[in-house]
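This briefing covers pockets, cavities and helix contacts in one protein chain. Please look over the sequence and the model before reading on.

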Amino acid sequence: MNIFRHFEERVEAALASLAAEGALPAGLDTSRVAVEPPRDPSHGDLSTNAAMVLAKPAGLNPRALAEKLAAKLKAEPSVTEVAIAGPGFINLRLNDDIWRAGIPEILRAGVGAGSSDLGAGEAVNVEYVSANPTGPMHVGHVRGAVFGDALANLLEKVGYRVCREYYINDAGGQIEVLARSAFLRYREALGETITIPEGLYPGDYLKPVGQALKAEHGPALAQMDEAQWLPIVRDTAIDAMMELIRGDLSVLGITHEVFYSERALHKSGAVEKTLKLLEDKGLIYTGVLEAPKGEQSDDWEARPQTLFRSTQFGDDTDRALKKSDGSWTYFAPDIAYHLDKYNRGYRTLIDVWGADHSGYIKRVKAAVAAVTDGKAEIDVKVCQLVRLFRNGEPFKMSKRAGDFITLRDVVDEVGKGVTRFMMLTRKNDAPLDFDFAKVMEQSRDNPVFYVQYAHARIHSVLRNAKEAGVADLSDGALAGADLSLLKDEAELGLIKLMGAFTRSVEQAALAHEPHRIAFYLYDLASAFHGLWNKGKDEPGLRFIIAEDRNVTLARLALIRAAAYVIAAGLEILGVEPAEEMR
RNA sequence: GCACCGGUAGCUCAGCUGGAUAGAGCAUCAGACUACGAAUCUGAGGGUCGGAGGUUCGAAUCCUUCCCGGUGCACCA
């Protein structure tokens, strides 16, 4: 049970009954009423702002309304104390048993702890990574990939039906560059000595593509005109690059359900159809855009183009759908793509992009609004840059041809779990520092280690408990423990924090902010480590008390539950919990 | 010039979509191991929440306007 949500319902019920008695006007908007943990635990277990929020519309003094509401809430069975504080907060103190009851629930749920039905099965589309299929993934892609994947996990956790999607930009000019680069490697495979000119991709990763082309086609391609060989080489190269990318993603544990091809949109006529749709809405015209104000580009000249009236939807300028030569811009098929998502039934769309695309947000939001008549929500999450360090020194990124740090370089050095966790220790729109040495440090200021250590310590206790002769450590047996024996402030603090897990997960999901899970886990680990050390000062608080089986069982239940919550949280982040630190 | 994102303790950052006396880690200082792993914990000091206005019962959070840093600014993808 989510205690916070339960009490939100109780507050609503109390308000309704006040309304029925005529003490409140009927039909008040209660959407701003919240039940939260108070910032200062000494104020109680729960706090509601209901009286302050509703005082004005009800035409009442906040404290007077609080008095009435407090009287109702006092009657709730699990409420032991009601206090009115400050400008009209109502603080509730609950019977500790209602918090303790969370432990057997967690033990039953296991790593399913924290799940909820908030999303009610609603379909959500999360598009992330979508790196151009022109080479292996590099370090700049990692954050967005991890973020998108964790966000998808998070939404699933609270009951959304999530589609993980990758948009393949397989139609632009960079694909021709890829094809020409691969063709060179093909000629190399045939025995020619090649030099790779400026502007083509020099990376070694295209060598196998050249070999594959040779194996399949022999020398035949070399006899053809570019117009003939290019489509062949292109298709082979794209397939090979997507294979490469899928492999890279798999080392981070990422799998997309849908890979959506931009070229398919062109082929199917979806782009024309979308343009027609916009035309029918009167949102298309031919015009000339103003010169950009930034650094002057020499080759700018005024040209009439097919434009979309995105300014009608809040964009800064109208946007080109066709280039001056009449071919589509990148934007045109992207509109068709988002419309396609809508037509596949998604009303909530989430795009995860790198910081360098932030200037593109408004036009896509405008396009989605236009093309769906405002019926779809689109949230664009931009991941800021990751700054790389080693021992505090900025990492020198060579700009030389083909020389970059890949996703695999990172994962090979620090591992999947550390990479994923670290990428989620900042909110997405703040830059992130990633120090190869620091993330491997075993100390409190490394959150991955700190959280994993808490989990490992719990398992260490459980191993010791077995040796100390606790016969049945099953979840069922622990769930039956007499939890009223958990009375210490530190124990209850841990219990209450776990009781807020579901709420934290839901809040993180609604905000589309997986980093909050990482911070929650750090807090939980801190509460656990604190309890552990308290047992050093006061031996009576140790988890395993040889002469008191009941207390031992209760405490093992507590920490077993804590381990499940940590594991559940880590699962959202896509990190495997450690049972031992090595 | 415009847009977007940041600006919170000496440093790195949270701050639960407007709540109460703004919180963590690092660093500094003072403490806790004959150990369920001290790889940890307890405590102390440290703040004009970039500046100035505004909105209201109440602002780090919303609005306006400046300042600083980052990112991006026709047809690229």
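How many nonpolar, polar and charged residues does the lining of the second largest cavity have? By class, that lining has seven nonpolar residues, one polar residue and no charged residues. The model is a predicted one. The points below start with the enclosed spaces, then turn to the open pockets and to two pairs of helices.

**Cavities**

- The count of cavities of 30 Å³ or more comes to two.
- The second largest cavity has a volume of about 40 Å³, and its lining consists of V271, T274, L275, L278, L321, W328, A332 and I335.
- Two elements, α11 (270-280) and α12, give two or more residues to the lining of the second largest cavity.
- α11 provides the largest share of that lining, with four residues.
- The largest cavity holds about 60 Å³ of space.
- Residues lining the largest cavity include R143, F147 and C383, a run of others such as M423, L424 and R426, and also H512, E513, P514 and H515.
- Sorted by class, the lining of the largest cavity has five nonpolar, three polar and four charged residues.

**The largest pocket**

- About 1,200 Å³ of space lies in the largest pocket.
- Its lining is made up of 42 residues, and A131, H138, H141, D356 and H357 are the ones nearest the centre of the pocket.
- Two helices, α6 (139-157) and α12 (331-343), and two strands, β11 (348-354) and β13 (386-390), each supply at least two residues of this lining.
- α6 accounts for the largest share, six residues.
- In this lining, 21 residues are nonpolar, 15 are polar and six are charged.

**The second largest pocket**

- The volume of the second largest pocket is about 820 Å³.
- This pocket is lined by 25 residues, and those closest to its centre are P37, P38, K496, L497 and A500.
- At least two lining residues come from each of β4 (89-94), α4 (96-100), α18 (489-499), α19 (501-511) and α20 (515-537).
- α18 gives the most to this lining, with five residues.
- The classes here are 11 nonpolar, four polar and 10 charged residues.

**Helices α6 and α15**

- The axes of α6 and helix α15 (residues 416-423) come within 9 Å and cross at roughly 85 degrees.
- That angle makes α6 roughly perpendicular to α15, because angles of 65 to 115 degrees count as roughly perpendicular.
- On the α6 side, V142, R143, V146, D149, A150 and N153 take part in the contact, and they meet T419, R420 and M423 in α15.
- By class, this contact has four nonpolar, two polar and three charged residues.
- Two residues of this contact, R143 in α6 and M423 in α15, are also among those that line the largest cavity.

**Helices α8 and α9**

- Helix α8 (residues 207-217) packs against helix α9 (residues 226-251) at an angle of about 130 degrees, and their axes are 10 Å apart.
- α8 and α9 are therefore oblique to each other.
- The crossing of α8 past α9 is right-handed.
- V209, L213 and H217 in α8 meet six residues of α9, namely I232, V233, T236, A237, A240 and M241.
- The contact of α8 with α9 has seven nonpolar and two polar residues, and no charged ones.

Key. Residues are numbered from 1 along each chain as its sequence is written. Chains are lettered from A and ligands numbered from 1 in the order in which they are written. This is a predicted model: local features need pLDDT of at least 70, side-chain atom pairs count only at pLDDT 80 or more; totals for chains, interfaces and linings use all residues. Side-chain values use heavy atoms; hydrogens and water are left out. Axes are lines fitted to C-alpha atoms, for helices over the stretch in contact, and angles run from 0 to 180 degrees between N-to-C directions. Angles under 35 degrees count as roughly parallel, over 145 as roughly antiparallel, 65 to 115 as roughly perpendicular and the rest as oblique. A crossing is left-handed if the near helix is turned anticlockwise from the far one by less than a right angle, and right-handed if clockwise. Contact means heavy atoms within 4.5 Å. Ala, Val, Leu, Ile, Met, Phe, Trp, Tyr, Cys and Pro count as nonpolar, Asp, Glu, Lys and Arg as charged, and the others, Gly among them, as polar. On a 1 Å grid over the protein atoms alone, a cavity is a set of points where a 1.4 Å probe fits but cannot get out, and a pocket is an open set with protein on both sides within 12 Å along at least five of seven lines; lining residues have an atom within 4 Å of a point. Grid points are joined across faces, edges and corners, and a volume is the space filled by probe spheres set on the points.
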